[in-house]
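Reader: I have just opened this one and would like to be walked through it slowly. Could you put it up, and then we can start from a single residue and work outwards?

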Amino acid sequence: MRWSSLLLSLSLAACAVPPPAAYVSGGGRSSSAVGIGKNAVGEACTQQGSTDSVDVFCGTWDQPSGHIAAQPASTASLQALATSSPWRTGLDARLICSAPTSTTINGNAPALLLSCTRKIGGWPQAALVTRIGDRDYLADGILPAVSVLERGIAVMSGQATPSAAASLPPGQADALIASRLAARSFSAGDIGQYQSLMIAGTRANLAENYTGAERAYRA
């Protein structure tokens, strides 16, 4: 019986990816993806989607490292979007986030940055909101992908082409999270490996290979 409770908790951990509502395309890379440079740990990243919603993929992980949604600018302030909007409610369902911090991205666009942690798995995340022209941009992803989210917003807003965005310098938002990233550096590939091990452990447990399951969970 001791394995039944462990199986339940670890099965949940193995599914620690944002729900389809957060990542609209539902995972899986597309041949239409375009390169937008590297993340903070040197993994090459691409983005795919539409003018209203894109997923960002980095490294070897087959799930999105981040997501950006665009919508017509609302009458609400950025502060309201970051603290009491449907988007924030969606974040709160899967993340624990600190109070938003004022910053700028892509030159001088005002933005609010939230430092977050996944409720399941404990992976550091970040989220940001910004308003460019007549559109609001709502983004979140794993911590090393913050600079890539900024570039993705530059592409979606028409500020830069994908090739030009790949060479954009880091913004103030990157400086705000630099110390946190340095304290716990990880890659998208690390998360993919973690989830693969959790799934392998669950399968071994279901097959009553408890030794193999324990090895996978410990790894």
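Reader: Which residues does Thr130 touch, not counting residues up to four places away in sequence?
Author: Keeping in mind that this is a predicted model, Thr130 touches Leu78, Ile105, Ala109, Pro110, Ala111, Arg135, Asp136, Tyr137 and Ile153 once residues up to four places away in sequence are set aside. One of these neighbours, Pro110, also offers its backbone oxygen, which the side chain of Thr130 reaches at 2.6 Å.

Reader: And where does Thr130 lie?
Author: Thr130 lies in strand 8, which covers residues 124-132.

Reader: Why does Thr130 count as buried?
Author: Its relative accessibility is 0%, and the cut-off for buried is under 20%, so Thr130 counts as buried.

Reader: Ile153 was in that list of neighbours, so what can you tell me about its part of the chain, helix 4?
Author: Helix 4 spans residues 146-156 and is mostly covered, with 11 of its 11 residues buried. Ile153 is among those buried residues, together with charged-letter names you may spot in the sequence such as Glu150 and Arg151.

Reader: What happens just after helix 4?
Author: Just after that helix, Gly158 takes a positive phi of about 80°. Gly158 belongs to the loop between helix 4 and helix 5, the latter being residues 162-165.

Reader: Is Gly158 buried or exposed?
Author: Gly158 has a relative accessibility of 61%, and therefore it counts as exposed. Its C-alpha is 9.8 Å from that of Thr51, although Gly158 and Thr51 are 107 residues apart in sequence.

Reader: Let me turn to the nonpolar core: which residues touch the most other members in the largest one?
Author: The largest nonpolar core has 26 residues, and within it Val56, Ile68 and Ile153 touch the most other members. Two or more residues each come from strand 3, strand 4 (66-72), strand 7, strand 8, strand 9 (135-142) and helix 4. Helix 4 gives the largest share of this core, 7 residues. As general background, nonpolar side chains tend to be buried together in soluble globular proteins.

Reader: What is Val56 in contact with, leaving aside its neighbours within four places in sequence?
Author: With those neighbours left aside, Val56 is in contact with Ile36, Cys45, Thr46, Gln47, Pro64, Ser65, Gly66, Val148 and Leu149. A second, separate core of 13 residues also exists, and it includes Leu81, Ala82, Leu112 and Leu114.

Reader: Where is Leu81, then?
Author: Leu81 lies in helix 2, residues 78-84, and since its relative accessible area is 6%, Leu81 is buried. Leaving aside neighbours within four places in sequence, Leu81 is in contact with Gln71, Ser74, Trp87, Arg88, Arg131, Asp136 and Leu138. Measuring from C-alpha to C-alpha in the model, Leu81 and Val129 are 7.3 Å apart in space and 48 residues apart in sequence.

Reader: Changing topic, how many disulfides does the structure hold?
Author: The structure holds 2 disulfides, and their pattern is 1-2, 3-4 when bonded cysteines are counted along the chain.

Reader: Which cysteine is joined to Cys45?
Author: Cys45 is joined to Cys58, with an S to S distance of 2.1 Å. Cys45 lies in strand 2 (residues 44-49) and Cys58 in strand 3 (residues 53-58), so the pair ties together parts that are 13 residues apart in sequence. The torsion about the S-S bond of Cys45 and Cys58 is about 110°, so this disulfide is right-handed. Both Cys45 and Cys58 are buried.

Reader: And what about the link between Cys97 and Cys116?
Author: The disulfide from Cys97 to Cys116 has an S to S distance of 2.1 Å, and with 105° about its S-S bond the link is right-handed. Cys97 lies in strand 5 (residues 95-97) and Cys116 in strand 7 (residues 109-118), so the pair ties together parts that are 19 residues apart in sequence. Cys97 and Cys116 are both buried.

Reader: Stepping back, how many helices and strands does the protein have?
Author: The protein has 8 helices and 9 strands, and buried residues make up 47% of its 219 residues. Of the contacts with a separation of 6 or more, 56% are between residues 24 or more positions apart. The protein exposes about 10200 Å², of which carbon and sulfur atoms supply 57%.

Terms used:
Residues numbered from 1 in each chain as written. Predicted model: local features only at pLDDT ≥ 70, side-chain atom pairs only at ≥ 80, totals over all residues. Heavy atoms only, no water. Buried < 20%, exposed > 50% of the residue type's maximum accessible area, 1.4 Å probe, protein only. Helix = DSSP H or I, 4+ residues; strand = E, 2+ residues; numbered from the N terminus. Contact = heavy atoms within 4.5 Å. Areas by Shrake-Rupley, 256 points an atom, 1.4 Å probe, with all protein chains shown as cover. Disulfide = S-S within 2.5 Å. Polar contact = N/O pair within 3.5 Å; in protein donor to acceptor, adjacent residues only side chain to side chain. Core = buried A, V, L, I, M, F, W, Y, C linked by side-chain atoms within 4.5 Å.
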